[in-house]
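Open your viewer and get ready to click along. We will go from one stop to the next, and at each one you will select something and see what is there.

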Amino acid sequence: MATLERIHFIPHNIERNKNNVTYSASNNRPSLDGLPQIFWADFTPWREANLWAFERAMSGEASLKTISSNMNGLLNYAKFLELRELYWLEFPTRKAERCLVLYRGALIKMRNAGHISPSTASEYMRNCIMFYRWVKQRELLAPHVTLWRDKPYIFKVFDRIGFERTINGTTTDLSIPNRKRLGQSLEDGLLPVSEKDRDAILDFARENATPELYYMLALGFFTGMRLGSICDLKIQTLENAVPDSSAKGLLRIAIGPGVTPPVHTKFDVSGQIWVPEALRDALLEYAKGLRRMGRVLKTSPENHDLLFLTRFGNTYGRRGSDQSSAVNVEMSEFRHRGVKAGLHVLRRFRFHQSRCTFGTELARLALSNCADVALVIAIVSDALLHAPNSEATTFKYIRFVQAQPIKEALSHNFMVAFSGISLGRRKNG
């Protein structure tokens, strides 16, 4: 399958002499560290997509972080093309046979089945449309080739004062609207698991997953850290933990770009999170073990203090990202083993649900001990390191917990009413 590699690109000047061509490093243009590049399954580069990424990075049109996100979406498209044995520049007259139309249908099916979120489906399709717009602009396609039909749109918004503003734009008939699923959900459209299921997942992981995945799940369930922060966690971060004066057995660790050592967080938020002392001690014990020491020997010096390393000595996460291909692979294998063993909660379990579970349990405990909802929101927000002005995200946890007793009461009453209904066949006359 197609892969995404990040390279260190050094611009060169090309000089053509009479008999040969020479290349020399450019002193006028900066190098690019981490430029994303896509390679097909046969290891040949997708030259046009890679040129698109290069031009945007060199021109300053977008940041490397944005370009990496766009190229990750394009990677999903490349894998689809290989799986269906389609060529990305072939657009037959029959619309239903065009690769972009087929890809759109596949994304919608995956979204409806719950394999990807509505926002991911919309983003993946948007990335493809952005790329093909560039392809048309660079005249890599014949002018008469029809890719999509442009559709103008107009919508009105009102500012805080009440003035009306009209916004015009253009979309395509290939775009996928970001339609959120109905019903309650937390961050990224996910739901928490029950305390019983949480314990079952961790017990199964202890015996059937790698120690690294087990400890990552434990950190997710008991600290609420995002995967990007867990993958970037340092040993010194754990050693610098301080006791929480108001909660025996709980420690506080500092994470974010503004602390020492820095640990990646979403939106570059810095703050302190809770970690159970027993979990911190277990992690430090793991850090001293032969398993991790063997991995440290394979890694570069700048990664020696990372708590988690792959068996090849690589980092688990992408720098500056909350994504991890290595964890995704391990989670896929872990789910397969769990479902095969009869642990059905793992069938659709996603790593980020560990964070949702922590946030929900924290909100439930806080609400049971404090009637001040504003204070509860502040506690949950601080513990989850929600960005400023993200009260709406935090409040989802409060609403979810507050709705649980209502749902339980409704379920009980419906069951009582249902069990009182005679299901026997009605007798005639």
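Start by selecting Phe9 and Leu32: these two stand opposite each other, with Leu32 in strand E4. Keep in mind as you look around that this is a predicted model. Now show strand E1 (residues 3-9) together with E4, and you will see an antiparallel pair joined over seven bridges. Next, colour E4 alone, residues 32-39. How many of its eight residues are buried? Six are, so the strand is mostly covered.

Move on to helix H2 (residues 64-84) and helix H3 (residues 99-112), whose axes come within 11 Å and cross at roughly 105°. Angles from 65 to 115 degrees count as roughly perpendicular, and H2 and H3 are therefore roughly perpendicular to each other. To see where they touch, select residues including Tyr77 and Phe80 of H2, and Leu102 and Tyr103 of H3. By class, this contact has nine nonpolar, two polar and one charged residues.

For the next stop, select Leu217, Leu233, Leu307, Phe308, Val327 and Phe334. Within the largest nonpolar core, which has 46 residues, these touch the most other members. Several elements give two or more residues to this core, among them helix H5 (195-208), strand E8 (250-255) and helix H11 (325-340). Which element gives the largest share? That is H6, with eight residues.

Zoom in on Val327: leaving aside residues up to four places away in sequence, Val327 touches Leu213, Met216, Leu227, Cys231, Tyr316 and Phe351. Last, select Ala2, Phe80, Ala121 and Trp148, which are among the 44 residues of another core, apart from the 46-residue one.

Terms used
Residues are numbered from 1 along each chain as its sequence is written. This is a predicted model: local features need pLDDT of at least 70, side-chain atom pairs count only at pLDDT 80 or more; totals for chains, interfaces and linings use all residues. Side-chain values use heavy atoms; hydrogens and water are left out. Buried means under 20% relative accessible area, exposed over 50%, partly exposed in between (1.4 Å probe, protein chains only). Helices (H or I, at least four residues) and strands (E, at least two) are DSSP runs, numbered from the N terminus. Two strands pair if DSSP finds at least two bridges between them. A nonpolar core is a set of buried Ala, Val, Leu, Ile, Met, Phe, Trp, Tyr and Cys residues joined through side-chain atoms within 4.5 Å. Contact means heavy atoms within 4.5 Å. Axes are lines fitted to C-alpha atoms, for helices over the stretch in contact, and angles run from 0 to 180 degrees between N-to-C directions. Angles under 35 degrees count as roughly parallel, over 145 as roughly antiparallel, 65 to 115 as roughly perpendicular and the rest as oblique. Ala, Val, Leu, Ile, Met, Phe, Trp, Tyr, Cys and Pro count as nonpolar, Asp, Glu, Lys and Arg as charged, and the others, Gly among them, as polar.
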